[in-house]
Amino acid sequence: MSIVGEVKTWNPSLPYEILSLDFAARLSFSSDSVAAVSGDFGGMVTGDPAAVLYPASAGDVVELIEFSYNSSCPFAVAARGHGHSARGQATAMEGVVVDMRSLKRNGGGIRVSWSEALGFYADVGGYQLWVDVLRASLEYGLAPVSWTDYLYLTVGGTLSNAGISGQTFRYGPQIANVLEMDVITGKGEFITCSKHINSELFFAVLGGLGQFGVITRARIVLQKAPTRVKWVRMLYDDFTKFTRDQEHLISIDDGLDYVEGSLVMNQSPANNWRSSFFSPSHQPQIASLISNHGIIYSLEVVKYYDDETATTIDEELQELFKGLSFIPGFVFEKDVSFFDFLNRVRSGEVKLRQKGMWDVPHPWLNLFVPKSRILDFNVGVFVDIILRQNKTSGPILVYPTNKSRWDDRMSAVIPEEETFYCVGLLHSSGVNEWGELDSQNEEILKYCDEAGIKIKQYLPHYKTEEDWEKHFGKKWKTFQQRKALFDPKLILSPGQRIFS
């Protein structure tokens, strides 16, 4: 047996007997391995594990968690996919981080199937990237229906949160498009679950922030994939008209397939790493609008089509756009492949990586804001904090979705109102400069609290159990009960800092 990385001084947080287990040869104690998983995309929080496991199979993960559970002093275990969390959620201080990507390297595939009861679906490893799920399903002319803006995230990672984007209003979040999962609980039990079998675990894990189990397989709903999309952006100088039009568009049955809005200002330009949509010839016009108004608003919409609908797509769009209140003359259109639209963020990532500007701190704040208070939020946050302070560096998203597309039995938390807005403040900063932006985030949260705006954090981050209880609201008791049922020794995902 050879252990990956020399163990110079044994960490007493791990029982020495771990070296006798079947997976011991795949444990690494090296400083390089530990450093690689001690941080995340957020770049603000670090937590060194005692070791890193590179599993060859789900059985390795079962054995690890079961060993911790049966130990006299259980140690923390955190599953790590692409490491895209922002606040250390995938860390395991003094415990073991499981590098889930190792399962992919050991031959885990993506299987597309059909059944009369379920229709088309894909069985995918929780460690698979969504971009690979897209590529594999497109080979059959199929695709999942719900996405995130960025595809280089793992299936298990997004399903542990919700998985949202401009398609959510129509198709629901990604967690609403899962048929079945294989999950390893905090007791080391390997359980297959669905809405009908072991349903308590199924609903707990979806949106459960990694607290109840490690997702090793998910069965994802597929539909016939379009081949191309009409991708349109319209500019507004009035927030009321901008939100009213978004709400109208998401109310149309069988209308658009994607609706997202964003703010455009000097510190959050129209072209950014999320999308370089506007050509250089558009920039002077847009700059003039920003100069006159301070903030303008970009409404981004997409309608899918294929060969069968190619002759009618333009007419359909014109009908959908009737009565909208965008600034005349400020409508911009692209026609791109379905894959290129969904993978639109990738090119921005590549450019930033080339400049050394991708792996920087990202003090993001993601919120769900009730529709009834979005105008107050605009004045109090977008205008009076973000525009006035002029600190922001990065895209700012604001788009509506519908509560009816979410399943309240799942752990994910959303506002009570039928329509609510997804707001994303996607900041980037210098290595030692994120504190100022994080202070602005705290100011925004304080404003919402004092103004009585009943927001919910998406990708939540809190420091006290009292704040977590407030976040989960009526779901808190159920969340606690599920934790006691599936992870009673508090082994899983301690980086969320929900349970002390």
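Glu469 is partly exposed, with a relative accessible area of 42%, where partly exposed is the range between buried, under 20% relative accessible area, and exposed, over 50%, for a 1.4 Å probe and protein chains only. I should say early that this is a predicted model, in which local features need pLDDT of at least 70 and side-chain atom pairs count only at pLDDT 80 or more, while totals for chains, interfaces and linings use all residues. Residues are numbered from 1 along each chain as its sequence is written, and side-chain values use heavy atoms, with hydrogens and water left out.

Glu469 sits in helix H15, residues 465-472, helices being DSSP runs (H or I) of at least four residues and strands (E) runs of at least two, numbered from the N terminus. Together with Glu465, Glu466 and Asp467, Glu469 belongs to a patch of negative charge on the surface; a patch of this kind takes residues with over 30% relative accessible area and no salt bridge, and joins like charges within 9 Å.

Let me turn to salt bridges, each defined as a side-chain nitrogen of Lys or Arg within 4 Å of a carboxyl oxygen of Asp or Glu. The structure holds 38 of these salt bridges. Helix H15 also carries Lys470, whose partner Asp449 lies in helix H14 (residues 434-451), 21 residues apart along the chain; their closest N and O atoms are 3.0 Å apart, and Lys470 is exposed at 55% relative accessibility.

A further salt bridge joins Lys474 to Asp408, at 3.8 Å from N to O. This pair links distant parts of the chain, with Lys474 in the loop between H15 and helix H16 (476-486) and Asp408 in the loop between strands E17 (396-402) and E18 (419-425). Lys474 counts as exposed at 58%, whereas Asp408 is partly exposed at 42%.

Which residues make up the salt-bridge network? Arg111, Asp123, Glu180, Asp182, Arg217 and Arg219 are linked in it.

Finally, two serines. Ser262, in strand E13 (residues 258-264), counts as buried at 12% relative accessibility. Leaving out residues up to four places away in sequence, Ser262 touches Phe242, Ile296, Tyr297, Ser298, Ile396, Leu397 and Val398, contact meaning heavy atoms within 4.5 Å. Ser160 lies in the loop between helix H5 (155-159) and helix H6 (168-171) and is buried, with a relative accessible area of 14%; beyond its neighbours within four places in sequence, its contacts include Val205, Leu209 and Ile215.

Methods: Patches are made of residues with over 30% relative accessible area and no salt bridge: like charges are joined within 9 Å, nonpolar side chains (Val, Leu, Ile, Met, Phe, Trp, Tyr) within 5 Å. Accessible areas come from the Shrake-Rupley method with a 1.4 Å probe; for residues, only the protein chains shown count as cover. Lys and Arg count as positive and Asp and Glu as negative; His and the chain ends are not counted. The place of a charge is taken as NZ of Lys, CZ of Arg, CG of Asp or CD of Glu.
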